[in-house]
Structure formats: structure tokens, C-alpha cells
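User: Please take a close look at one buried strand and what surrounds it. I would like a connected account rather than a list.

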Amino acid sequence: PISLQTNPGITPVKVVFHNVDALTEKLFPIVVAMQKHFSAGSGAYYSDAIFFLSVAMHRIMPAELKRIVQLDLDLKFRNNIRDLFQEFNHFPAEAVIGIAREMQPVYRHTFWQYRKENPKSHVGDPPPDGLPGFNSGVMLLNLDAMRHSTLYNQLLEPERMAHLAEKYHFRGHLGDQDFFTMIGMEHRELFYPLFCGWNRQLCTWWREHGYGDVFLLYYHCDGPVHIYHGNCNTPIPDD
């Protein structure tokens, strides 16, 4: 750990670096199961263990750590991060994670077989009535709630994970957000939906790859943008 002294009268900032290999070892069975269902195979970008640690962060962080804001690096804040942290105050009783929806038809594509077999399902449909899945670029992890949620911890068991993956014919490639999306199709109560402006994704890859006709149904985000997310190396606008 490293303590950084800020201006006089302001609480010092403590920075702690973690060894990913050591954390992965603690969560080995979970990470291996995740990699099987939610990565494109060994060597793929999202196959790295670091993209799965968030799902069980409550098991590796110190007990005195109650809540975490987890962020991707390709973000640009337009508001004080304190305002994002205040969103924890709006979590319903059963929610353990705050996360914004995916803003491309990624999961319309991933769930294609389930959607074909269940044409009346809203799985993979766009908002406001559909279930477009989640994007993990900005997440609020209520570690205490994760620790105490029997349901959430049951869903981390490899057998439960495999059962849901088989039910939904799910084979993802985006790491933790695939897991959150899959369990969110059945257990929406575990998630507090962040307003899209807290994770305004800019990637438009799927618009040019077969989903141009429905793309804007997913991509639109009415209201102020608090955080820009330049996913898939998309340039972030200048203010």
C-alpha cells in the first residue's frame, strides 16, 4: 500500500496495488468456469483473469471494504465521481451491483439461438421493454450485499453457471459483463440499473455488422452524459 498526502486538511488518499495472479489463485474455480463460458479462448483479450475478478471481488477484498466503484480506463468524466458514488444510496434491498445497459445489440446476437426458440422472450431486445444486457465499463459493487446475498453466491457456483449457459445457449467473449448479463436475464433484482449517462458507450461496431436496422434502438441515450466510454477504441468527444 502507498499513502498519498493531499492538501493540508484533506483526508490522505491510500493507494493499494494488488497482484492479479495472487487474486486469481484465490478464485481459481470461479475464474476457470468463467473463462469456459465467457471468453473466446486462450490468448483472447477477454480471456485474461483480470476480466473476471469483479464477479467475486467480495471474496478477496478486506471485510472493512464495503463498496467499490470499478471503472474501465477508456472513460472521460464530465461530473464529479462523488455523484456516481451517491448512486449506491438508490440500490433496492436485493441489489448487489449497479451497472448500465449495453448500448449495442451485442446480446441480441449472442442470444440468437435462445431468441429463435423463444420468440416471445424479451431477452436481447432493446429498451425500454427489452433486456439488452449490461456493459461493465462502469460498475458499483456493493461488497457487503454481495457477501450476504445467498442467491448471488449460488450463481457463482460452476454448476449453476453451466446450467444457465446451457439454458440460454450462451457462449460469450466479454468477460464479467457476460456473466452479469446472463444471470440478469433471470434475476434482475440483483442489479440496480444505472442511468445510461453514467456509461455513455460510443462504440458503433455492430451498426456496420448486420444490425444497422435496429442499432439506434440500443444506442440512444436521452439525458445528460456524466461519463463517456470510448469502448472499442472509439474517440471521446472534446467538451
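Analyst: What follows starts from strand E5 and moves outward to the loop after it, the aromatic rings, the cores and a small sheet.

This is a predicted model, in which local features need pLDDT of at least 70 and side-chain atom pairs count only at pLDDT 80 or more, while totals for chains, interfaces and linings use all residues. Residues are numbered from 1 along each chain as its sequence is written, and side-chain values use heavy atoms, with hydrogens and water left out.

Helices (H or I, at least four residues) and strands (E, at least two) are DSSP runs numbered from the N terminus. Strand E5 covers residues 97-101. Because five of its five residues are buried, E5 is largely enclosed by the rest of the structure; buried means under 20% relative accessible area, exposed over 50%, and partly exposed in between (1.4 Å probe, protein chains only).

E5 has pairing partners in E6 and E7, where two strands pair if DSSP finds at least two bridges between them. Strand E6 (residues 134-142) runs antiparallel to E5 and is joined to it by five bridges; here Ile99 stands opposite Met139. With strand E7 (residues 191-193) the pairing is parallel, over three bridges, and Ile97 has Phe191 as its bridge partner. In general, strands of a sheet pair through backbone hydrogen bonds, either parallel or antiparallel.

The loop from E5 to helix H4 (106-110) contains Met103. Met103 counts as buried because its relative accessibility is 0%. Leaving aside residues up to four places away in sequence, Met103 touches Cys196, Asn199, Arg200, Gln201, Tyr218, Tyr219, His220 and Cys221, a contact being heavy atoms within 4.5 Å. Its C-alpha atom is 7.7 Å from that of Pro132, which is 29 residues away along the chain. Two of the residues that Met103 touches, Arg200 and Tyr219, also meet each other: Arg200 lies over the face of Tyr219, 4.2 Å from the ring centre. The criterion for a charge over a ring is NZ of Lys or CZ of Arg within 6 Å of the ring centre and within 35 degrees of the ring normal.

Now the aromatic rings. The whole structure has 17 aromatic pairs; rings of Phe, Tyr and Trp (its six-membered ring) pair if their centres lie within 6.5 Å, with planes under 30 degrees apart counted as stacked, over 60 as edge-to-face and the rest as tilted. Tyr107 and Phe111 form a tilted pair, 6.3 Å centre to centre with 50° between the planes. Tyr107 is buried at 0% relative accessibility, and Phe111 is buried with a relative accessible area of 0%. Both belong to a cluster linked by ring pairs, which also includes Phe134, Phe179, Phe180 and Phe191.

Ile97 of E5 is one of the residues that touch the most other members of the largest nonpolar core, which has 56 residues; Met34, Phe179 and Phe180 are also among them. Such a core is a set of buried Ala, Val, Leu, Ile, Met, Phe, Trp, Tyr and Cys residues joined through side-chain atoms within 4.5 Å. Helix H2 (residues 28-38) gives the most to this core, with five residues. A second, separate core of 12 residues includes Leu84, Leu194, Trp198 and Ile227.

Ile227 is also the bridge partner of Phe77, within an open three-stranded sheet of mixed pairing and order E4-E9-E8.
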